[in-house]
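Let's learn to read a protein model together, one feature at a time.

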Amino acid sequence: MIFFIIWIICIPLVIWIVLQIVSKRRAAGEAEPGVQLEECAICHEEFPMEALLEKEVGGYSRVYCFCGDCIEQLHLEYQAKVEHRDEENKTISEPANL
Ligand SMILES: [Zn+2]
């Protein structure tokens, strides 16, 4: 019976100690890095804030961060699209000009 009572007291105590150790480690781990990392909204990779561009997107005033690589990729995609559209317009308009 005594063992049972000790057991009942010890289990929450051990769980509490473990939780205290885990939370202390987590707090120390969070405090260590000086650089705040943010996730890029497109590639979901983490970058320091100075490497990201913040933009308000949509009607809910949500701010998204975009990394340089993704911005460049968007620019290239847009350029390719515009060029493709211009080529299509040329091929359509050319027979009309002749
Ligand atoms: Zn990105």
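The dialogue below takes up confidence, paired strands and backbone angles.

Q: What is the mean pLDDT of the protein?
A: This is a predicted model, and pLDDT is the predictor's confidence in each residue, from 0 to 100. Here the mean is 85, and 89% of the residues reach 70 or more.

Q: Which elements have the lowest and the highest mean pLDDT?
A: Helix H1, residues 2–31, has the lowest, at 76, while strand E2, residues 46–48, has the highest, at 96.

Q: How many bridges join strand E3 to strand E4?
A: Six bridges join E3 (residues 52–57) to E4 (residues 62–67), and the two strands run antiparallel. To follow the pairing by eye, start at Leu53, which stands opposite Phe66 in E4. The hairpin of E3 and E4 has four residues between the strands, and Gly58 there takes a positive phi near 80°.

Q: Which residues have a positive phi although they are not glycine?
A: Start with the general idea: most residues other than glycine have a negative phi. In this structure, His44 has a positive phi of about 60°, and Ser61 has one of about 55°.

Q: Where do His44 and Ser61 lie?
A: His44 lies in the loop between strand E1 (37–39) and E2. Ser61 lies in the loop between E3 and E4.

Q: Is His44 buried or exposed?
A: A residue counts as exposed if 12 or fewer other C-beta atoms lie within 10 Å of its own. His44 is exposed because it has 9 C-beta neighbours inside 10 Å. Ser61 is exposed too, with 7 other C-beta atoms within 10 Å.

Notes:
Residues numbered from 1 in each chain as written. Predicted model: local features only at pLDDT ≥ 70, side-chain atom pairs only at ≥ 80, totals over all residues. Pairing = 2+ DSSP bridges. Buried ≥ 20, exposed ≤ 12 C-beta atoms within 10 Å, placed from the backbone.
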